[in-house]
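Please walk through the aromatic side chains of this structure, the charges that sit over rings, and one loop residue.

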Amino acid sequence: MFAVPGWSVSADSLKAEKAGSNSGAASGKKRKRPGRPRDEAVTADNVTQLYESVVEGKNPNAPKKDNSAKRQKKESATDDTQAKVNGDKKEKLAEAEQKQPGEGKKSKDKKDKKKKHDKRAADNEDDNPQAAPDTQEQQAAVIPAQLPPAPPKLTPLQAAMREKLVSARFRHLNETLYTKPSEESFSLFQDSPEMFDEYHEGFRRQVKVWPENPVDSFLQDIRGRGKIRQPFKGKPGGRPSSLAASPLPRTGGTCTIADLGCGDAALAQSLQTDKGKMRIDVKSYDLQSPHALVTKADIANLPLEEGSVNVAIFCLALMGTNWIDFIEEAFRILHWKGELWVAEIKSRFGPVRNKHAPVEHSVGNRKKVGKKGKGAGNGGDAVDPMDLAVEVDGVEDNRKATDVSAFVDALQKRGFVLNGERSEAVDLSNKMFVKMRFIKGATPTKGRAAKAPEPGRGKKPSFAPKVGDEEEAEVNESGILKPCVYKIR
C-alpha cells in the first residue's frame, strides 16, 4: 500500500489471496433459471430437451396433460357414424337384392373384374419399367411449351442504329439484284433464304415513305374491271370508251393473273376475300417463298403452260440484267389478247445510245468553236431540234420528262402493243413511278418467240443495207432500263 499524508491504514488485517479458490462462487446466490449445470455435455439424445428448456423456456419436469378422454369421445362418435352408414348401406343392398336379385351378382362380378384388371396392370408395371417414363413423356407432351422471352426494348440510339443497318442492308441487296442476272440471284437466295426476309424488311420501310404504292392502283383496277361483265359473243355493241370501263380478259369465265416478282404477295393477300365473287385466280412467283401464296421460281423460266394466263403483272420487278427474258417469258404464258401491266421507277428510263457511239462529254466528241466572221455557223455545235421547238415555236417543254419510247419499241418487237391510246396506256401522273399497259396482239420480230422467215419468202438481198436497220442492230436493249445503283457513303 502507499502512504497518504494524514491517513494511514495498517496492512496487518489484509489476507493474501489464494490461487484457484472457488469457495466464494459456491457460497453465492442461486441462478434465476434452475436447470442443467454448465458443464453438462450436449448430445443427440438431449439436444431437443435442452432446446425446449433453454430457448423455449419449457419445464421438462412438468406433468403432461391427459388427452385420452377427448380421444375416446372422438373415436366413439366416429364409430357410431360409421355404424349408421354401414347399416343404411346394408338395408339398401338388401332391398335391391330383393327387387332384382340378378343385379347384385352383376355388380359383384364387375368388382371382381376390376380387381383382376388392377392386379394385371400392377404386374405389367413391375415387368415393364419403361411404362413409367412413357407416361411422363405423355404428360410432358400435354404441357404446352413455354413461349420464348420477349426481345428487350431498344433505346432510341440503338433503334436509330438498327434502322441505318436495315436500310444499308436493303440498298446492298437491291443493287445486287439490279446488277446481276436472275439466275444468279435465284441461286443466291437458295443458299441464304434469310436474305429474302432482310431485303423485304427494308423494302417495306421504303414503301412507307412513297406517296403512292403501284400495287394499290393495280388492285383498284382489278376490283373495278372485275365487276364488269363480258358482252356476249355475236351481240352488237360498241367498244368501251376507256380501258377502265372494259372487263378483264377471261378464259372459261375465270381471269388468271400472274404476279411476277410479287415479294410478299400483297396483291394475292388483298384479293383473297373477293376472288371467289369476281372469279379471279392469282398466281404469285418470286425468288423465295415466304408463305403458301408464293411459288418459288425464276420469273425468266416459269412453271406455267403456254397461253395459260390472262393478265401478267410486273410491279417493280424488272430487276435483273436479263429483264428482256422476263418480257419474252410473259409473252409465252399469256393468252392471245392477254394484258401486260408494268410499273417501274421513272429514273430508270433514259435516252438509249448505240453500243459504239461516243460518250457525249468525251474529248473526241467535242466540236471546235468557229472563229468570229469565218464560218461560225458551220463550225458551231449542232442545235437540237427539240430545243428549237420549245424556245422558238413555244411547244410544251417535255425535255426533262420521262421518255419511255425506247421501252415501248423494245416490247413492240416482242409482240406487245399499247392497250388503247398512248395517253391512256402510259400513265406518267405519279412523281416516282410510270405505269404502262400492253396487250399481246402482234407477231414478235425479235426474241425467242420470233419465227425465222420461210425459205423463198425473205427479204431480197441488197448490196447497200439501210442505215436504220444498222442502227437497230447496234442498240443495246438491256440498257433501256438503268439499274438502281447507290452512292457510296
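The paragraphs below take these topics in turn.

The model is a predicted one. Searching the whole structure for aromatic pairs gives 10 of them. In one such pair, F189 and F196, the ring centres are 5.8 Å apart and the planes meet at 85°, so the arrangement is edge-to-face; the angle that decides this is over 60 degrees. A pair of aromatic rings is described by the distance of the centres and the angle of the planes. Both partners can also be placed by their accessibility. F189 has a relative accessibility of 2% and therefore counts as buried. F196, at 3%, is buried as well, because the limit for that label is under 20%.

Aromatic residues also group beyond pairs. One aromatic cluster is made up of F170, Y199, F203, W210 and F433.

Two rings have a positively charged side chain over the face. R437 lies over W341, 5.4 Å from the ring centre. For K440, which lies over the face of F331, the distance to the ring centre is 4.4 Å.

Which strands flank the loop that holds N430? They are β7 (426-427) and β8 (433-440). Is N430 buried or exposed? With a relative accessible area of 9%, N430 is buried. A polar atom of the N430 side chain lies 2.8 Å from the backbone nitrogen of M432. Once neighbours within four places in sequence are set aside, N430 is in contact with E212 and K346. The loop residue N430 thus combines a buried position with a polar atom placed 2.8 Å from the backbone nitrogen of M432.

Terms used: Residues are numbered from 1 along each chain as its sequence is written. This is a predicted model: local features need pLDDT of at least 70, side-chain atom pairs count only at pLDDT 80 or more; totals for chains, interfaces and linings use all residues. Side-chain values use heavy atoms; hydrogens and water are left out. Rings of Phe, Tyr and Trp (its six-membered ring) pair if their centres lie within 6.5 Å; planes under 30 degrees apart count as stacked, over 60 as edge-to-face and the rest as tilted. Buried means under 20% relative accessible area, exposed over 50%, partly exposed in between (1.4 Å probe, protein chains only). A charge sits over a ring if NZ of Lys or CZ of Arg is within 6 Å of the ring centre and within 35 degrees of the ring normal. Helices (H or I, at least four residues) and strands (E, at least two) are DSSP runs, numbered from the N terminus. A polar contact is a pair of N or O atoms within 3.5 Å; within protein, one must be able to donate a hydrogen and the other to accept it, and residues adjacent in sequence count only if both atoms are side-chain atoms. Contact means heavy atoms within 4.5 Å.
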